[in-house]
Amino acid sequence: RYTDAKDMVAYFDPDGHSLKSRFMRTPVKFSRVSSGFTKRRWHPVLKRWRSHKGVDYAAPTGTPVRATGEGRVSKREYQNGYGNVVFVQHGSKYTTVYAHLSRFRSGVTTGSTVQQGDVIGYVGKTGLAIDLCRRHDAELVGADASQVYRGLDIGTGKASPAELGGVRHHLIDVVAPDEPFDAGAFVRHADAAIAEITARGRRVVVCGGTGLYLRALLRGLCD
């Protein structure tokens, strides 16, 4: 055991090698991996195949996101696609990226130092869909099989109150958890929402991770 001048404690073996892994396996407590690292993924907003050079974790909005290793914050900003994002530089070789944050932790700024496990932000859904809605005066119609259920919030990635206040969302919390809901019901709800939105002269952005719902809305249901 070694304690430095700042009262930071670390543990080493008899040869002086650290007993702590340089990086944590995951930066957040999550319920599932919603999108893995792949060269070919169907983009839920752009509706085309793109590479996905990262791993997305499904967790409730507001869940703390932690730095996976000690380093320096090289960027803390808003970017199209990433939304609120933090870049942490670990030495000269590695950089970790924490995107789609609902907000940053107070005190985390460009140039600040973080320790492994420090909270740097909180889970959100800021990114391309929200940015498109803001730019084009549009409203968002969700196409996610879990977000339609009222009270089912763990691991669904539902929009935060701040996001709901900035961009109007539809098809969130529309049915009870014990109420049957399938692709046909989704299409009926989505068609009604789209008709109501366009009748008010607003544009529509459809976004979500349930491919069956998107295909049913865009191509119709097979008998």
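Q: Where does T63 lie in this predicted model?
A: T63 lies in the loop between β6 (56-58) and β7.

Q: Why does T63 count as buried?
A: The relative accessibility of T63 is 14%. Buried means under 20%, so T63 counts as buried.

Q: What is T63 in contact with, leaving aside its neighbours within four places in sequence?
A: T63 touches V28, K29, G121, Y122 and V123. The last of these, V123, also belongs to a core of 14 residues, which includes A67, V88 and I120 as well.

Q: What makes β7 an edge strand?
A: β7 (64-66) pairs on one side only, and so does the other edge strand, β11 (113-114). Between them the open sheet follows the order β7-β12-β10-β9-β8-β11, six strands with antiparallel pairing.

Q: How do you know that β8 and β11 pair?
A: Strands pair if there are at least two bridges between them. Strand β8 (residues 71-79) and β11 have two bridges, in the antiparallel sense, so they satisfy that cut-off. To find the spot, look for G71, which stands opposite V114 in β11.

Q: How many bridges join β8 to β9?
A: Seven bridges join them, and the two strands run antiparallel. Y78 and N84 in β9 stand opposite each other.

Q: Why is strand β9 described as largely enclosed?
A: Strand β9 covers residues 83-90, and seven of its eight residues are buried, so the rest of the structure largely encloses this strand.

Q: What links β9 to β10?
A: Six bridges pair β9 with strand β10 (residues 94-104) in the antiparallel sense. One of the places to look is Q89, whose bridge partner in β10 is T95. The hairpin of β9 and β10 has three residues between the strands, and there G91 takes a positive phi near 70 degrees.

Q: What makes β14 and β15 the edges of the other sheet, ordered β14-β13-β15?
A: β14 (169-170) and β15 (203-207) each have a single partner strand, so one side of each is left without a neighbour in the sheet. This open sheet has three strands, and its pairing is parallel. Strand β13 (residues 138-142) is joined to β15 by five bridges, and E139 stands opposite V204 in β15.

Q: How does α3 lie relative to β13?
A: α3 lies across β13, β14 and β15, and runs at about 175 degrees to β13. Angles over 145 degrees count as roughly antiparallel, so α3 is roughly antiparallel to β13.

Q: Why is α3 called oblique to α4?
A: The axes of α3 and α4 cross at roughly 60 degrees and come within 9 Å. Under 35 counts as roughly parallel and 65 to 115 as roughly perpendicular; the crossing angle fits neither range, so α3 is oblique to α4. Their crossing is right-handed.

Q: Which residues meet where α3 and α4 come together?
A: On the α3 side they are A183, F186, V187, A190, D191 and I194, which meet L212, Y213, A216 and L217 in α4.

Q: Which residues have the most contacts inside the largest nonpolar core?
A: They are V141, F181 and F186, in a core of 19 residues. α3 (183-199) and α4 (211-219) each supply at least two of its residues, and the largest share, seven residues, comes from α3. Leaving aside neighbours within four places in sequence, the contacts of V141 include H170, L171, A190, I194 and V205.

Key
Residues numbered from 1 in each chain as written. Predicted model: local features only at pLDDT ≥ 70, side-chain atom pairs only at ≥ 80, totals over all residues. Heavy atoms only, no water. Core = buried A, V, L, I, M, F, W, Y, C linked by side-chain atoms within 4.5 Å. Buried < 20%, exposed > 50% of the residue type's maximum accessible area, 1.4 Å probe, protein only. Helix = DSSP H or I, 4+ residues; strand = E, 2+ residues; numbered from the N terminus. Contact = heavy atoms within 4.5 Å. Axes fitted to C-alpha atoms, helices over the stretch in contact; angles between N-to-C directions. Left-handed = near helix turned anticlockwise from the far one by under 90°.
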